[in-house]
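Trainee: I have a structure to go through and would like the reasoning behind each label. Can we take the labels one at a time?

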Amino acid sequence: QVQLVESGGGSVQAGGSLRLSCADSGYTYSSGCMAWFRQTPGKGREGVASIYRGIGRTYYTASVKGRFTISQDNAKNTVYLQMSNLKPEDTAMYYCAAAPTTPLAPATSLLPGWYSYWGQGTQVTVSS
């Protein structure tokens, strides 16, 4: 059974940085993709960044390009989200997700419906 566990959230001031980690266990797929999503109260989950596990291709939503970096350490079965120059609008619960296959269209990798497995989330709060 696949289990995803996020860590690294916290409270920072605007302009600061955080690194989120997502450790996966039971994930036996050599390909597929993983992604980070975020959600604020009353809103749906927004895809932030995705990475194709086999080739390391990455994709970002426009609002985080140049500030966030998704990466993977296959030896540790961990995916990271390095967040820099954080803004108050980045405040949200951040979720890690995994899917056993990769979509043909990269934009699909930022849609929550593509993913079968989800973590419990880690809170990120950015103050102005």
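Mentor: Start with the disulfides, and keep in mind that this is a predicted model. A search of the whole structure finds 1 disulfide.

Trainee: Which cysteines form the disulfide, and how do you know that they do?

Mentor: A pair of cysteine sulfur atoms counts as a disulfide within 2.5 Å. The sulfur atoms of Cys22 and Cys96 are 2.0 Å apart, so by the 2.5 Å cut-off they form a disulfide.

Trainee: What kind of bond is a disulfide?

Mentor: A disulfide is a covalent bond between the sulfur atoms of two cysteines.

Trainee: What is the handedness of the link between Cys22 and Cys96?

Mentor: The link is left-handed, with -75° about the S-S bond.

Trainee: What makes this a link between distant parts of the chain?

Mentor: Cys22 is in strand S3 (residues 18–25), while Cys96 is in strand S9 (residues 92–99). The two cysteines are 74 residues apart.

Trainee: Why is Cys22 called buried?

Mentor: Buried means under 20% relative accessible area. Cys22 has 0%, so it is buried. Cys96 also has 0% relative accessibility and therefore counts as buried.

Trainee: How do you know that Cys33 is in no disulfide?

Mentor: The nearest cysteine sulfur to that of Cys33 belongs to Cys96 and is 11 Å away. A disulfide needs sulfur atoms within 2.5 Å, and Cys33 is in no disulfide.

Trainee: Is Cys33 buried or exposed?

Mentor: Cys33 has a relative accessibility of 0%, so it counts as buried.

Trainee: What share of the residues in the chain is buried?

Mentor: Buried residues make up 41% of the 128 residues.

Trainee: How many helices and strands does the chain have?

Mentor: The chain has 0 helices and 11 strands.

Trainee: What makes the chain as compact as a globular protein of that length?

Mentor: The globule rule gives 14 Å for 128 residues, and the radius of gyration of the chain is 14 Å, so the chain is as compact as a globular protein of that length. Along its principal axes, the C-alpha trace spans about 40 × 25 × 25 Å.

Trainee: How many of the contacts join residues far apart in sequence?

Mentor: Among contacts between residues at least 6 apart in sequence, 59% join residues at least 24 apart.

Trainee: What supplies the exposed area?

Mentor: The chain exposes about 6,300 Å², and carbon and sulfur atoms supply 49% of that area.

Trainee: Where do the charges lie on average?

Mentor: The mean positions of the 10 positive and 6 negative charges are 4 Å apart.

How values were computed
Residues numbered from 1 in each chain as written. Predicted model: local features only at pLDDT ≥ 70, side-chain atom pairs only at ≥ 80, totals over all residues. Heavy atoms only, no water. Helix = DSSP H or I, 4+ residues; strand = E, 2+ residues; numbered from the N terminus. Rg over C-alpha atoms; globule rule 2.2 N^0.38 Å. Buried < 20%, exposed > 50% of the residue type's maximum accessible area, 1.4 Å probe, protein only. Contact = heavy atoms within 4.5 Å. Areas by Shrake-Rupley, 256 points an atom, 1.4 Å probe, with all protein chains shown as cover. Lys, Arg positive; Asp, Glu negative; His and termini not counted. Charge placed at Lys NZ, Arg CZ, Asp CG, Glu CD.
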